[in-house]
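Welcome! Please take a moment to look over the model, and then read on for a short tour.

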Amino acid sequence: MNTIPGRRIIISAFLVFLLLPIYWLVNMSFKTNNEIVTTMTLWPHSPTLENYVTIFTDESWYSGYINSLKYVIINTVISISVALPAAYAFSRYRFLGDKHLFFWLLSNRMAPAAVYALPFFNLYSAINLFDTPWAVALAHCIFNVPLAVWILEGFVSSVPREIDETAFLDGYSFPRFFVKILIPLISSGIGVAAFFCFMFSWVELLLARTLTSVAAKPISATMTRTVSAAGIDWGLLAAAGVLTIIPGALVIWFVRNYIARGFALGRV
Amino acid sequence: MEKTVDQKAWFLVLPVFLIVAFSAVLPLMTVVNYSVQDTFGNNQFFWNGVGWFKELLDPNTDLGERFLASVWRNLLFSAIILAIEVPLGIVVALSMPRQGWQVAACLVILALPLLIPWNVVGTIWQIFGRPDIGLLGYVLNEIGLNYNYVSNDLDAWFTVVLMDVWHWTSLVALLCYAGLKSIPDAYYQAAQIDGASRWAVFKAIQLPKMNRVLLIAVLLRFMDSFMIYTEPFVVTGGGPGNSTTFVSIELVKIALGQFDLGKAAALSLVYNLIILIVCWIFYTVMTNAGAERPAKGGIA
């Protein structure tokens, strides 16, 4: 009753459409450059692992992944830990300027990264954080903290208020209530919020590239190295691309049951 | 349930306030500062008043013309992708399997494009669309279409739009799916007893229930497409000519390419203002919709 005719065909066609470009990338990552350029083959006829070997043995390549993961993890930890108390405050209390504050946060989630690229460069150079993972992690807070507050507020609001009141009557102090009762109750929400912080920090390139040069260079910036005077090293580029998809695919698996609600920012 | 008034809640919000203010207000001050000054290099700045803003909003100047053209281009792009992604997303959400392992599999595959770094999305389509080594470009040329996104405006647009549909339709579909999941079975049973047609069920039950999430979807997609940078930059670099130069690409060209700080800052502020206005409409509509729903949103 709640589905439409031909749904199997529609969903299958759409999934194929999603997977085809990714398959092409994977396909190319196992080919030699000679095979890529000279022939059009639907699967690698002489499969090679050479492209992957290059990435895993060359430090300038694999350090890109480590640098990216560093700032993504720092950012996720900062975002969640400051957003939790704020989400509770927005969900339970009214206070001076609460609505304006909420709107201001929201507007920062929407601010174009291109606007901030240059001022961030000045700011983080001035405080000597340029070219460290901290600069990128703090810069990404501008869109991840508002997002985390949003998602967590939705989840905190679905916890009945009576639970807070009972806990306080039982003599719980506020910090103890927060850690022992509230956090376990919204653990799935924290998981979802962390997933989204991870995701948006992981996929962002413009700020990450602007705020780093050598020591903290993210993988997405390293990938531009495949372009040289001799042309583009397609196989290597494809292999590097495939490896950036894997962390995302792994974290999706853990939150698959909450993805839909998370994308609705906890507000369905 | 009414929220209690308590000013001490500010202490809970303070860390968020400080950290966002640090990364939003401080840099914005720099931008405002640049926007009213001119420089001839050597870090020497001169007061220029609202000169940059006048130039920016006057279509007869070079800067104004470029800005206006990029805004129209960007609005057209946003309109096209919304017109494709929203209906397609709804159809995909309605086609989702009902239960079993297929649901999890579909959700994971749907979410996959959303977790690919944006420059890799660009790279994937750059490769996929190339006539010599990409499947899409190769097939299109084999069946007789002269497709080349590097030299032809229309092909470049086709590639960028198709890429965005590939990248973001899943977001709309996942949001709609979350909305559909929250409809109790009783509604469908009632409709069945009334002998409602498939279309009537969609119009009277599913669409109203998806209202809220569709609103979020439309506005998130509008915002994100209005500040799109990385993906088209990787695929087309804003070309051929200027045909896919969206507002963000134009801004980065001026700021980091030509290092015209005054112009770039003025553009940033106007750009931010547009976003802020749309955001305000979004927020007002959403809080109004929120006021209508029952006191507890609850878990879907």
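The tour below covers how the two chains meet and what lies in the core.

This is a predicted model, in which local features need pLDDT of at least 70, side-chain atom pairs count only at pLDDT 80 or more, and totals for chains, interfaces and linings use all residues. Residues are numbered from 1 along each chain as its sequence is written, and chains are lettered from A and ligands numbered from 1 in the order in which they are written.

Let's begin where the chains touch. In all, 87 residues of chain A are in contact with 85 residues of chain B (contact means C-beta atoms, placed from the backbone, within 7 Å). Helix H1 (residues 7–29) of chain A gives the largest share of chain A's side, 13 residues. That side divides by class as follows.

| Class | Residues of chain A touching chain B |
|---|---|
| Nonpolar | 68 residues |
| Polar | 12 residues |
| Charged | 7 residues |

Here Ala, Val, Leu, Ile, Met, Phe, Trp, Tyr, Cys and Pro count as nonpolar, Asp, Glu, Lys and Arg as charged, and the others, Gly among them, as polar.

Strands meet here too: S1 (residues 93–94) of chain A and S1 (residues 4–5) of chain B run parallel, joined by 2 bridges. Helices and strands are DSSP runs of at least four residues (H or I) and at least two (E), numbered from the N terminus. A:Tyr93 stands opposite B:Thr4.

Finally, which residues does A:Val149 contact, leaving aside its neighbours within four places in sequence? They are A:Ala83, A:Ala86, A:Ala87, A:Phe90, A:Leu105 and B:Val16.

Conventions. Two residues are in contact if their C-beta atoms, placed from the backbone, lie within 7 Å. Two strands pair if DSSP finds at least two bridges between them.
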